Amino acid sequence: MMKKRIASLVLGTTLVVSGGQVLAAESEEVVSPDSELYETTRVMEEVEYELTESTSDKALLQDQFANERLIESELALEEGDVEKAEELLEEANESIDQAESDLEEAIEAEEEAVEEVEQTLSESFEERTTKMRTLLEREELPETAKIGISNALKQVENVMKRAEERLALETKFASGEMTEEEFESEMKEINETFKAEAKKNKAEAKALRKELKNKRKASVKSVELDEREELEDADEDESEELNEELEDAAEEAEERAEEEREEAEERAEEEREEAEEREEEAKEEALEREEKARERAEKEREEREEREEEEREEAEERAEEAREEALEFEEDDDEDDEDDEDDEDDERDEDDEDEDEEEKKPRDKGNNGNGKGKGNR
Amino acid sequence: MSLKKRFIPVIFSAVTIALAGCSNETLADTTGEEQSVQTAAQEESDSLYRNDDWGLDISPNMDWELESEKESENLHIVLKHNKLKAILSTVSSSQSFEDIKKELIKGSGDVSVLTDSEDYLSYQSKLKKAIRTDVYFKEHSDERNILMIFMSSAENYDANQEKVESLLDHTKLNEVGDVK
């Protein structure tokens, strides 16, 4: 019963998710999971992804791997290998998630031609969406698959909506209608809204899965009751009833274990997402801190340079003043020297005059007989 | 008497030489055995990768390193040299190289084939920075053949040629000990 459920789910989702690939499957060939070379090609795939440096190329590769896994999943189902098909479907989902994550990284890194890659992936999503909508209208589609389609559609619509919003923002920014700061802030807001919507979708999917599970349980119980009644009517012996009860108990235990496993997986997924978000926030905070530290360092450097400049100017002024003072001193000295020289000249003149007078005196002495003039000098 | 005295040293010398000869021979034999054991051990420890079950022996060369090994229906080993990688995969001899080529191209997505010859195939992806794949087909035994697949960015192809040739030269396909 479980296998049948998985088979229908896998078949439904495969048809749905790879809706756009049904035609592609006819043209796009893949190596069958049964082929001897299948493992070799998977190893080559891993190596190619590792060697690819550009994250937008990585996103395209993961998109290609997702398509291949979906086609392989269909092939596995055709071969009747339900477990393999389920495994491949899970791998396809992982590749889709990885493609999305690589595209995010490429956008953040502002890689060359990332818009083209986003456009390619978006077109690929668009094709799938059309097919999904057509398939949703089909009555024979299992309920589980319909729920899967609805969720996948919501997710695809979100991705496309975000791509459109980003494109509109980029156009505005390119035409100069908004500043770089406004552009970055709005881009951040779009990413956060997308994440919140993705989370909401997952929660809704979880609720739907739970509802479906309860419905299934109720139907299983009613079938069991019918069977029990039939058994009672048939008046079978007690040992058979006991065996049936034991089987029922075992089935219930199995269902409980499965529920617990699914819940544990969901919890683990939620924890992983929260951890990723925390990590991203921490990264952003670290970047902001780094930016602030850089700004502070820049400011300090500027202040230091200003101080140095001021000190240098002051030193120059002082030096200039010192030079001027030195010049003034020199000028004063020159003047003093000149005064001294004048004094000396005056003295010399006076001496000469005195000498002349003295020379004249004997004549006067001889005339007046007074020697006081010389003595006064 | 004097004749006896003369003969005694001669006989003694002959016996000594004979004994020494035998002893040397024994020593030589022992050394030979030890040497062969030692060489085998050395060979084993000197190998970059050796798997007698699959008859594969790669001697160390040009800093090639073993990255991973996976054994199931076939053997897959991955070796690396910086940004150049080599995948060695066994494949049953019932598959022709022509069939193998078709399968590999099918599994590689959108690619352009560069060379397609009897025992060699090369192609590259159509991405912005293309990855080039070179596949060498090596016949091994009645049961198994070996694929040696080299992958690197297309722009580094020429620079990597020497390393590719070195690994091709240092890979020996021995007699399979225990074919799986």
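These exercises work through a predicted model of two chains, A and B.

**Exercise 1. Fold of chain B**

Task: State how many helices and strands chain B has, and give their order.

Solution:
- Step 1. Chain B holds three helices and 10 strands.
- Step 2. Read from the N terminus, the elements run α-β-β-β-β-β-α-β-β-β-β-α-β.
- Step 3. Of the 180 residues in chain B, 23% are buried.
- Step 4. Take the contacts in chain B between residues at least 6 apart in sequence; 43% of them join residues at least 24 apart.

**Exercise 2. The sheet**

Task: Find the strand order of the open sheet of seven strands in chain B, and say which strands stand at the edges.

Solution:
- Step 1. The order is 3-4-5-9-8-7-6, and the pairing is antiparallel.
- Step 2. Strand 3 (65–71) and strand 6 (111–117) of chain B each have a single partner strand, so these two stand at the edges, with one side lacking a neighbour in the sheet.
- Step 3. On average, neighbouring strands are turned by 15 degrees against each other, direction ignored.
- Step 4. Pairing of strands in a sheet goes through backbone hydrogen bonds.

**Exercise 3. Strand 4 and its partners**

Task: Trace how strand 4 of chain B connects to strand 3 and strand 5 of chain B.

Solution:
- Step 1. Strand 3 and strand 4 of chain B run antiparallel, joined by six bridges. Three residues form the hairpin link between them.
- Step 2. B:Glu71 stands opposite B:Leu75 of strand 4.
- Step 3. Strand 4 and strand 5 of chain B also run antiparallel, again with six bridges. One bridge pair is B:His76 with B:Ser89 in strand 5.
- Step 4. The hairpin of strand 4 and strand 5 of chain B has two residues between the strands, and B:Asn82 takes a positive phi near 55 degrees there.
- Step 5. Is strand 4 of chain B largely enclosed or left open? Five of its seven residues are buried, so the rest of the structure largely encloses strand 4.

**Exercise 4. Helices on the sheet**

Task: Identify what helix 3 of chain A and helix 2 of chain B touch in the sheet.

Solution:
- Step 1. Strand 8 (residues 131–139) and strand 9 of chain B pair antiparallel over nine bridges. B:Thr133 has B:Met151 of strand 9 as its bridge partner.
- Step 2. Helix 3 (residues 38–51) of chain A lies across strand 4, strand 5, strand 8 and strand 9 of chain B. This helix runs at about 15 degrees to strand 9.
- Step 3. Helix 2 of chain B packs on the sheet, touching strand 5, strand 6, strand 7 (120–125), strand 8 and strand 9 of chain B. Its direction makes about 170 degrees with that of strand 6.

**Exercise 5. Contact and core**

Task: Describe the contact of chains A and B, then the largest nonpolar core.

Solution:
- Step 1. Chain B gives 28 residues to the contact and chain A gives 21.
- Step 2. On the side of chain B, strand 4 (75–81), strand 5 (84–92), helix 2 (97–106) and strand 9 (144–153) give two or more residues each.
- Step 3. That side has 10 nonpolar, 11 polar and seven charged residues.
- Step 4. The largest nonpolar core has 54 residues. A:Ala59, A:Leu103, B:Ala86, B:Ile87 and B:Ile149 have the most contacts inside it.
- Step 5. Helix 4 (residues 55–78) of chain A supplies the largest share of this core, 10 residues.
- Step 6. Beyond its neighbours within four places in sequence, B:Ile149 contacts A:Met44, B:Ala86, B:Ile87, B:Ser89, B:Thr133 and B:Val135.

Conventions
Residues are numbered from 1 along each chain as its sequence is written. Chains are lettered from A and ligands numbered from 1 in the order in which they are written. This is a predicted model: local features need pLDDT of at least 70, side-chain atom pairs count only at pLDDT 80 or more; totals for chains, interfaces and linings use all residues. A nonpolar core is a set of buried Ala, Val, Leu, Ile, Met, Phe, Trp, Tyr and Cys residues joined through C-beta atoms within 7 Å. A residue is buried if 20 or more other C-beta atoms lie within 10 Å of its own, exposed if 12 or fewer, and partly exposed in between; C-beta atoms are placed from the backbone. Helices (H or I, at least four residues) and strands (E, at least two) are DSSP runs, numbered from the N terminus. Two residues are in contact if their C-beta atoms, placed from the backbone, lie within 7 Å. Ala, Val, Leu, Ile, Met, Phe, Trp, Tyr, Cys and Pro count as nonpolar, Asp, Glu, Lys and Arg as charged, and the others, Gly among them, as polar. Two strands pair if DSSP finds at least two bridges between them. Axes are lines fitted to C-alpha atoms, for helices over the stretch in contact, and angles run from 0 to 180 degrees between N-to-C directions.
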